[in-house]
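Here are a few exercises to work through with the model open beside you. Try each task before you read its solution.

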Amino acid sequence: MSGLELKGLRKAFGLTEIISGVDLKIADGELVVFVGPSGCGKSTLLRLIAGLENVTAGQIVIGDHDVTKVDPAKRGVAMVFQSYALFPHMTVRQNIGFGMRVNRVPKPEAAARLEKAAALLQLTELLDRRPAQLSGGQRQRVAIGRAIVREPDVFLFDEPLSNLDAELRVQMRGELAALHARLGATMIYVTHDQVEAMTLADRIVVLRAGRVEQIGAPLDLYDDPDNLFVAGFLGSPRMNFLTAEVQPDGRLRPNGYAADLPSPVGGLTPGRRVVLGCRPENIEITDDGALTASVKTVEQLGASTFVHADCASSVVLAAELRQRWSLKNQTTLRFNLPTASTQLFDADTGLRIRQ
Amino acid sequence: MPPILRKALIYLAIAAVAFVFVLPLWWAILSSFRPNEAIFRDLFPFTPRALWPEPFTLDAYVAIFERGFGTIIANTLLVAGLTTALGLIVNGLAGYAFALFEFPGKSAVLGIVVVSFMLPFEAIAMPLYSVVSQLGWIDHVAALVVPSVANGLAVFLFYQFFQQVPKDYYEAARLEGAGWLRILWSVYVPLSLPTCISAGLMLFIFQWEAFLWPLLAMPAQQFKVIQVGMAAFQDQYTTAWNQLFGAAVITALIPMLLLIPLQRYYVQGLAGSGIKG
């Protein structure tokens, strides 16, 4: 087991830069999730760490060793592929043992490692089956088993749950979290699913267009995003954004409204364009709300209710309510953005404006 | 028209067409079981007895083996078997390289490979002859085997199949520490068995049917292969028709015996088999 460090990592395919300078330090035993929209470079970053792609510039250090130019097999990493990449002509036993056969691990030791991994992943009964005879979740476990027996320094997971159905995904998510707790290994996990990122990660790395947007513990990112992208990416439904202008008295006037709201941050230059961000669960729907919106759809989920409403300036507002709600479509509702749970961003740069 | 009559007519038409196709083959088989002088007896004028091996004799088969046809079969099996074995290795490796590795000029070389199997053999027979004769291989088995080992169509078959195999398999095996040869042997070859069989049969039959090249490359006729050997049954003044037919039947029978058990894979391979995840 050991930590991992990326220093100024860059990757370009021809003239297209996919990874534009990533610096990251991952502690020993940490589970870090790379998250971002498709095309953000998260899978490429993982493949660079694995050695499946060559680095254009920068350094990858695992433990104390610079592995930037080291052969993928000798980096001490094991990868679980999105497709699982189980060899279809081999049994589960042969699949898990493939690497040990290649590396000539002595037979008794190989058998012991295999038995241990199979027991850990509840695969003992399935060892003589072929991948085609397994369910999606079982294949997933075999793929993890193949990684475990290598006893790697770093585990790499490339969207491992995206081929599973919703229910199984939740179950496997739990199993992965338990596995991480049990093995205490350094793990890097790539996903585009922010729920997976939030639930699994010790720390999340949010990527966009080959750059790190923000790194931090899940709730820190959720509560305290550095910019509009991170604020909008984490959380579902996403954070509400209202563009506003700073008034001479320092209050904020959202576009399309005649009402002013108090600013969560003082000392703003009048005339500056800002974005107000407020999470759906923080929106207050009250009769004396300062702003109005027209109800578009109401989703009753039982425990909570989502209201989607059209604001002025054609922004769609999402509000999450604890109580049941029976407003009809097209009704006008009044709402407030509580100042304490509203965040402010610069409308031009998208960066957070902090006190 | 009542349906049963309609059906009967359709079957009759099918039977008639099938008869036309099967007749030459059947006639060859039955003629090989007749004495030479009786072969054309019932044809002019035609009587139904022409369709039955009567009088029945195995003279033709006894005679062809007395004339050394057994050695000829063994020679051909040796040449075709060597070509198949070496061809699978060479063409499989080439297809693997084209499918998995990036190297300068890859598409140009692949283009040449594709063009190579569109060229008729006659077009390269003379240049090939001069190359082989420079090497001093004339009248040597190498002259038959070596030029046939590399086969553009076989390379292309392997290339196409290997390209369809998800790259994840390669990368997963790579991360496990397997080198590219190990990956080829442990992962790609087991997955490509139908392609191996298709390509192998193709190489085998290519050699089995070769006539012009063995005739050119083996002028001394010490080492005869089957097509050349068969032509020898027809000499300038007399033709041993029954022996010629007997040789033809054996020549057709051997690849058929090979093909029938492997037919399932052959069709699957040519149709481009799917990969089960």
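**Exercise 1. Find how much area is buried between chain B and chain A, and which residues of chain B supply most to it.**

Solution. Start with the total: in this predicted model, about 1,900 Å² is buried between chain B and chain A. Next, look at the atoms behind that figure: carbon and sulfur give 64% of the area. Then turn to chain B's own part. B:Glu171, B:Leu175 and B:Glu176 supply 38% of the area that chain B buries against chain A, more than any other three residues. Finally, count the residues in contact: 17 from chain B and 25 from chain A.

**Exercise 2. Describe the polar side of the interface, and say which elements of chain B take part.**

Solution. Begin with charge pairs: four salt bridges cross the interface of chain B and chain A. In one salt bridge, the side chains of B:Arg174 and A:Asp71 meet at 2.7 Å, N to O. Widen the search to polar contacts, and seven residue pairs turn up across the interface, with both residues at pLDDT 80 or more. Now place the chain B side on its elements: α8 and α9 (180-191) of chain B each give two or more residues to it. The largest share, seven residues, comes from α8(B). Last, sort the residues on this side by class: eight are nonpolar, three polar and six charged.

**Exercise 3. Locate the largest cavity and work out which chains line it.**

Solution. First, search the whole structure: two cavities of 30 Å³ or more are found. The largest has a volume of about 70 Å³. Now read its lining. Chain A brings A:Ala78, A:Met79, A:Phe81, A:Ala143, A:Arg146, A:Ala147 and A:Arg150, while chain B brings B:Ala172, B:Leu175 and B:Glu176. You have met B:Leu175 and B:Glu176 already, among the three residues that lead chain B's buried area. By element, β6 (77-80) and α4 (136-148) of chain A and α8 (167-175) of chain B each supply at least two lining residues. The most comes from α4(A), with three. By class, the lining has seven nonpolar residues, three charged and no polar ones.

**Exercise 4. Do likewise for the second largest cavity: how much space does it hold, and what lines it?**

Solution. Its space is about 40 Å³. The lining consists of B:Pro214, B:Leu215, B:Met218, B:Gln221, B:Phe223, B:Lys224, B:Val225 and B:Val228. Sorting them gives six nonpolar residues, one polar and one charged.

Conventions: Residues numbered from 1 in each chain as written. Chains lettered and ligands numbered in written order. Heavy atoms only, no water. 1 Å grid on protein atoms, 1.4 Å probe; cavity = no way out; pocket = protein on both sides within 12 Å on 5 of 7 lines; lining within 4 Å. Points joined across faces, edges and corners; volume = space filled by probe spheres on them. Helix = DSSP H or I, 4+ residues; strand = E, 2+ residues; numbered from the N terminus. Nonpolar A, V, L, I, M, F, W, Y, C, P; charged D, E, K, R; others polar. Contact = heavy atoms within 4.5 Å. Buried area = accessible area lost by both parts, 1.4 Å probe. Polar contact = N/O pair within 3.5 Å; in protein donor to acceptor, adjacent residues only side chain to side chain.
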